[in-house]
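Let's take a walk through one small stretch of a protein chain. Keep the picture open while you read.

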Amino acid sequence: MITGELKNKIDSLWDVFAAGGLVNPLDVIEQITYLMFIRDLDDSDNLRAKESAMLGLPYKSIFAGEVIIGERKVDGSQLKWSVFRDFPAGKMYSTMQEWVFPFIKNLDGKKASAYSKYMDDAIFKLPTPLLLSKVVDALDEIYALMAKEQDKDVRGDTYEYLLNKIAQSGLNGQFRTPRHIIKMMVELMNPKSDDVICDPACGTSGFLVTAGEYLKENYKEEIFFNKQKKDHYMNHMFFGYDMDRTMLRIGAMNMMTHGVEHPFIEYRDSLSDQNPDKDKYSLILANPPFKGSLDYDTVSTDLLKVCKTKKTELLFLALFLRMLRIGGRCACIVPDGVLFGSSTAHKAIRKEIIENNRLEAVISMPSGVFKPYAGVSTGILIFTKTNHGGTDNVWFYDMTADGFSLDDKRSEIKENDIADIIARFHNLEAEKGRERTEKSFFVPKDEIISNDYDLSINKYKKTEYVPVEYPSTAEIMADLHELEMKISKGLSELEELLNG
């Protein structure tokens, strides 16, 4: 949680961009991401040089000697943040524009950070030398404050706070699933140290980051004191795909600021033949795009075999089943229409999950969860890929509060079902005796099949009607007469006072 001076510095950095004419929050985040990367390159290069010297190993700095940029040769040291930050504003600006940006765009990913592969179409958008100078100074102050903080995750928290600015600005809110909903889904799935985790529509990598943080908190010793498991965590555990290059850059940076050195995050149309992944992942966490329909030509043919549709929300469910390995689990957000839609494709995907795999839970969420960006009602599906069935009783939960008001303001409130959802899901044995009038209950597979595979909670939930006894007509009339007499008496007394 970012507070105090660090929060104020980030807020003032945001104001510097606005005053300098850069107001689109995605552009701001992207430019900050580039500058953080450039600064980190200098830091990591210095660190590697020191480590190599201590171990007596040779090390060649990426800034050593002359660097070829286009057809020119440039003194590599001038590309270091610690050097050009002291240049006059005009020289710093031309150095950044003409040398530093072309340099980072052509870095060999093996020599530098994994992030360098997302830089090939990076564009430097800061409009003036004065703005660049102010932003560089502000970032140095932010890094100095981060270095003082004892909390080792402050860097990740800082980047998360920056990302939150996208949501606060009311732009591109569709890219951000609320953090507390992501956290709830991760806790429900309880990732393990040997999982291979994927989000095929990763955006800013919120699900992957939160899964990584969960593992760090709950399996720290198991992962970080074991060479193989640490290597798995850093290099082979996290996979994310997206079709927005800005999101990929931000998502990759988000992962690395949270301590994952080489996340596999790349540009990919997950629903097309461009995505070959099959039987690969042990855990999928996702909030795929809801709206939009695609041309059949652009969709992978094996997905259309499961459900012939142009609707992205149905195709992504078919995709998750294909990408998961046997025994792999999925928690994903779907619009309510997926749960009860009556089209052939809607029924086909629900039937596939229920009959051929194991549907475990349907959590119905209130419609205000995604406000102010969307008022759509959504649910969370939790299932395991088995390829041979296994659905027995499906657990339903009627979530009515998530700790925030369900209007556009989304103010904090006391009512919150999240802790209860997690506790009940992790103790399903105790759920067996629950009535259909309660928050959660089981529904047998046969009953779901007889209802055309309908997964809407309202189909199964029973409302308890409490009889209300009203007074008889005679009693009401007597009360009215008594009231009338009191009014008449009061009017008479008032009249006497006025005439007296």
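Two parts of the chain touch, or are in contact, when they have heavy atoms within 4.5 Å. Keep in mind that this is a predicted model, where local features need pLDDT of at least 70, side-chain atom pairs count only at pLDDT 80 or more, and totals for chains, interfaces and linings use all residues. Residues are numbered from 1 along each chain as its sequence is written, and side-chain values use heavy atoms, with hydrogens and water left out.

Start at helix α10, residues 227-236 (helices are DSSP runs of H or I with at least four residues, strands are E runs with at least two, numbered from the N terminus). Here His232, Tyr233 and Met234 are buried (under 20% relative accessible area, 1.4 Å probe, protein chains only). The buried residues of α10 pack against α8 (206-218), α9 (220-224) and β4 (238-242).

Now for β4. Why is β4 largely enclosed by the rest of the structure? Because five of the five residues of β4 are buried. Phe238, Gly240 and Asp242 point one way, while Phe239 and Tyr241 point the other way.

β4 also has strand partners (two strands pair if DSSP finds at least two bridges between them):

| Partner of β4 | Sense | Bridges |
|---|---|---|
| β3 (residues 197-199) | parallel | three |
| β5 (residues 264-267) | parallel | four |

On the β3 pairing, Asp199 sits opposite Gly240 of β4. In β5, Glu266 is the bridge partner of Tyr241.

Terms used:
Buried < 20%, exposed > 50% of the residue type's maximum accessible area, 1.4 Å probe, protein only.
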